[in-house]
Amino acid sequence: ELEYNDKSGNKFSARTTIKVLKKNKFIATLDIIEENENLRKVIQSFADNAPFFIRLTNRHSEFNYFSKTWLEFTGRNEENEVSEWSKHIHINEEATTLNSIQLAFKNKSKYECSFRIKNASGEYRWLLETGIPRFSSNNEFIGHISVAIDITERKSIELENTRQQAILESEKKIQNSLNKSKIMAMTTDTEGNITFCNREFIKTLGIHHNDLLKQNLFDFFEPD
């Protein structure tokens, strides 16, 4: 790897391969190295105030660049992030996240993962990150560029929907069990409206099922 000057006097690095053709004659092939510093400037020109976070890795799968938005989000400096960013991933997603990234490096392929990471306030926030492999002009793998967005609110909705679904499924199992029972059973909401009554309850009272549902308990039964 050697350093050269272009016609404007700007320095650039290139991997140089020299092949001897015959005495006193040779051919040199230059593979210009894509500098992270140049890529940083491109990223900073459009991403400093964007609602997403960008990171870069080198060819050894090490994250060595974090956009301004990422650093503001985490409240940490780039030097610390380079060596410690993964320590701030939530323990529940740490292994799967790092495995997904490492597998993508091994296969030189795209990856996508969601994980919680601690922000500047010490709160865990959900990020959805997509990593795209980067290749040099001669198709040599040189790392990944990744873009992440905060999906905490979306995750909260998903988790709440999952919780509600679990409650409904649990209630359905209980109701199915009560329908097979010989005891009288019913359930109401917090305002006393009847939401379920089993077959034994209906049979004993001789009231049609639809006449009970959504009716208030105290319209049928007067407390002592």
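This passage describes salt bridges in a predicted model.

Side chains of opposite charge can pair when their charged atoms come close. In total, 8 salt bridges are found in the structure. Two parts of this set are described here in turn.

One salt bridge joins Arg59 and Glu140. Their closest N and O atoms lie 3.1 Å apart. This pair connects distant parts of the chain, with the two positions 81 residues apart in numbering. Arg59 sits in the loop between β4 (53–57) and β5 (63–66). Glu140 belongs to the loop between β7 (124–135) and β8 (141–150). Arg59 has a relative accessible area of 29% and is partly exposed. Glu140 is also partly exposed, with a relative accessible area of 29%.

A second group of contacts involves Arg125. The side chain of Arg125 meets that of Asp150 in a salt bridge, with an N to O distance of 3.0 Å. This pair, too, links distant parts of the chain. Arg125 lies in strand β7 and Asp150 in strand β8, 25 residues apart. Salt bridges with shared partners join Glu123, Arg125, Asp150 and Glu153 into one network. Within it, Arg125 also forms a salt bridge with Glu123, at 3.3 Å from N to O.

Accessibility was computed for three members of this network. Arg125 has 15% relative accessibility. Arg125 therefore counts as buried, because buried means under 20%. Glu123, at 39% relative accessibility, is partly exposed. Asp150 is partly exposed as well, with a relative accessible area of 27%. The buried Arg125 thus pairs with two partly exposed partners, Glu123 and Asp150.

Notes. Residues are numbered from 1 along each chain as its sequence is written. This is a predicted model: local features need pLDDT of at least 70, side-chain atom pairs count only at pLDDT 80 or more; totals for chains, interfaces and linings use all residues. Side-chain values use heavy atoms; hydrogens and water are left out. A salt bridge is a side-chain nitrogen of Lys or Arg within 4 Å of a carboxyl oxygen of Asp or Glu. Helices (H or I, at least four residues) and strands (E, at least two) are DSSP runs, numbered from the N terminus. Buried means under 20% relative accessible area, exposed over 50%, partly exposed in between (1.4 Å probe, protein chains only).
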